Amino acid sequence: IKTIAMDDNPEQAFTNIFKSGSAQVLITDGSEVIIDSLIKDGILKDFPIVGSAINIVKLGKWISDFSFQRKLLNFFSKTEEIPEDDRINFIIELEDKTKQNAGEYLITYLDRLDDNRKALIIGNLIISKAEKMLSMEDFLRFAHLLPRVFYFDLIKLPEYINMKTTQDPRYDKRVAASLEDAGLLRHGVYTGDLGGNGMYQELFQNEYGKKLVEFGRLNEFTN
C-alpha cells in the first residue's frame with residue numbers, strides 16, 4: 001500500500017485511493033461505513049493511507065450526508081479490483097477527455113447520484129472501460145445519463161429489453177416512459193395483432209440501452 005501525504009486535498013486523496021486500490025481500509029463487513037469510528041478510536045492512524053482517508057472524511061462532512069460516504073465505499077469496492085495500471089490509465093484518459101481533474105470530476109459526479117447503489121454501476125462501467133469493452137465517450141455518456149433515471153426503473157431495463165410489446169403483463173408505462181425519456185428505450189406502433197384489429201405499441205431497446213445493461217452489468221442488481 002502506498003503512503004499518501006497528510007496534506008493531500010480531497011480531490012487528490014480521492015484520486016490516490018482510486019489509483020492505489022487501497023479502499024479495503026475504509027470497508028468492513030457488509031461495506032459498512034467505519035471511517036468515523038476508526039478515527040475516534042485512533043485505529044485509522046495505523047494505516048499508511050491515513051492522509052487520504054481523513055481527507056475523504058472531510059469531504060463527507062462537507063456534504064453532511066451519510067449517503068455520500070456509502071457512494072464512496074460502493075465506488076471503491078468495485079474499482080479496487082481493477083489492475084493498477086488500468087486505473088492509472090483511466091485517470092489519464094478521463095482528464096484528457098474532460099480537461100478536468102479526475103478526482104474533482106468523480107467526486108462531483110458521485111455527489112450528484114440520487115442512490116448510492118448507482119456508484120456500483122459506475123464502478124462496473126469503469127471495469128468495462130479498463131477491459132477495453134467500453135469507450136471513454138460512452139462512459140461519459142452513461143455518467144451523464146445515470147443521475148437522471150430513477151434507480152428502480154433503471155434496474156428494470158434488462159427486463160424491458162426482453163419485452164416485445166406493451167401487452168406484456170410486466171409492462172408499466174411509467175417505468176417505460178422513464179427509460180424512454182433517458183434514451184434507453186423507445187416505443188413503436190404496428191397495426192393489428194393478438195387476434196384483433198387496431199394499433200399496438202411495441203418496445204424497442206436502442207444501442208445505449210443494450211450497452212448499459214451489458215457494460216453496467218445491470219443484471220447484478222436484479223437478482
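**Notebook: helix packing and buried positions**

I began with α5 and α8, which are roughly perpendicular to each other. I looked up the basis for this: their axes come within 11 Å and cross at roughly 75°, and an angle from 65 to 115 degrees counts as roughly perpendicular. I note here that the model is predicted.

I then listed the residues that make this contact. From α5 they are Phe90, Glu93, Leu94, Lys97 and Thr98, and from α8 they are Met136, Phe139 and Leu140. By class, I recorded 5 nonpolar, 1 polar and 2 charged residues in the contact of α5 with α8.

**Entry: the overall fold**

I recorded the secondary structure of the protein as 12 helices and 2 strands. Along the sequence, I read the pattern as α-α-α-α-α-α-α-α-α-α-α-β-β-α. I looked up burial for the 223 residues of the protein and found 51% of them buried. For contacts between residues at least 6 apart in sequence, I noted that 68% join residues at least 24 apart.

**Entry: helix α8 and its second crossing**

I returned to α8 and asked how many of its 10 residues are buried. The count is 7, and the helix is mostly covered. I listed the buried residues of α8 as Met136, Asp138, Phe139, Leu140, Phe142, Ala143 and Leu145. The cover over these buried residues includes α5, α6, α7 and α12.

I next examined α8 (residues 136-145) against α12 (residues 207-215): the two axes come within 11 Å and cross at roughly 90°. Helices α8 and α12 are therefore roughly perpendicular to each other. On the α8 side I found Asp138, Arg141, Phe142 and Leu145 in the contact, and on the α12 side Tyr208, Lys211 and Leu212. I classed the residues of this contact as 4 nonpolar, no polar and 3 charged.

**Entry: the nonpolar core**

I asked which residues touch the most other members of the largest nonpolar core. They are Phe75 and Leu212, in a core of 55 residues. I noted that helix α7 (residues 118-130) gives the most to this core, with 8 residues. Leu212 had already appeared in my list for the contact between α8 and α12.

For Phe75 I set aside neighbours within four places in sequence and looked up the remaining contacts, which are Phe14, Phe18, Leu106, Leu110, Ala119, Ile122 and Ile126. Leu106 and Leu110 also stand among the buried residues of helix α6 (residues 102-112).

**Entry: helix α6**

I completed the list of buried residues in α6: Ala102, Gly103, Tyr105, Leu106, Ile107, Tyr109 and Leu110. I then asked which residue caps the N-terminal end of α6. It is Asn101, with a side-chain oxygen 2.9 Å from the backbone nitrogen of Gly103.

**Entry: Lys78 and Ser178**

I found Lys78 in helix α4 (residues 66-79). I asked whether Lys78 is buried or exposed. Lys78 has a relative accessible area of 15% and is therefore buried, the cut-off being under 20%. I looked up a partner for its side chain and found a polar contact of 3.0 Å to the side chain of Glu220. Apart from neighbours within four places in sequence, the contacts of Lys78 are with Leu120, Gly123, Asn124, Ile127 and Glu220.

I placed Ser178 in helix α11 (residues 173-181). I recorded Ser178 as buried because its relative accessibility is 18%. Not counting residues up to four places away in sequence, I found that Ser178 touches Val149, Phe150 and Asp153.

**Entry: two lysines with positive phi**

I kept in mind that most residues other than glycine have a negative phi. I looked up Lys99 and found a positive phi of about 55°, although it is not a glycine. I located Lys99 in the loop between α5 (84-98) and α6. Lys99 counts as exposed because its relative accessibility is 68%.

I then looked up Lys132, where phi is near 60°, again a positive value in a residue other than glycine. I located Lys132 in the loop between α7 and α8. Lys132 counts as exposed because its relative accessibility is 73%. I set these two entries beside that for Lys78, which I had recorded as buried.

Key
Residues numbered from 1 in each chain as written. Predicted model: local features only at pLDDT ≥ 70, side-chain atom pairs only at ≥ 80, totals over all residues. Heavy atoms only, no water. Axes fitted to C-alpha atoms, helices over the stretch in contact; angles between N-to-C directions. Helix = DSSP H or I, 4+ residues; strand = E, 2+ residues; numbered from the N terminus. Parallel < 35°, antiparallel > 145°, perpendicular 65-115°, else oblique. Contact = heavy atoms within 4.5 Å. Nonpolar A, V, L, I, M, F, W, Y, C, P; charged D, E, K, R; others polar. Buried < 20%, exposed > 50% of the residue type's maximum accessible area, 1.4 Å probe, protein only. Polar contact = N/O pair within 3.5 Å; in protein donor to acceptor, adjacent residues only side chain to side chain. Core = buried A, V, L, I, M, F, W, Y, C linked by side-chain atoms within 4.5 Å.
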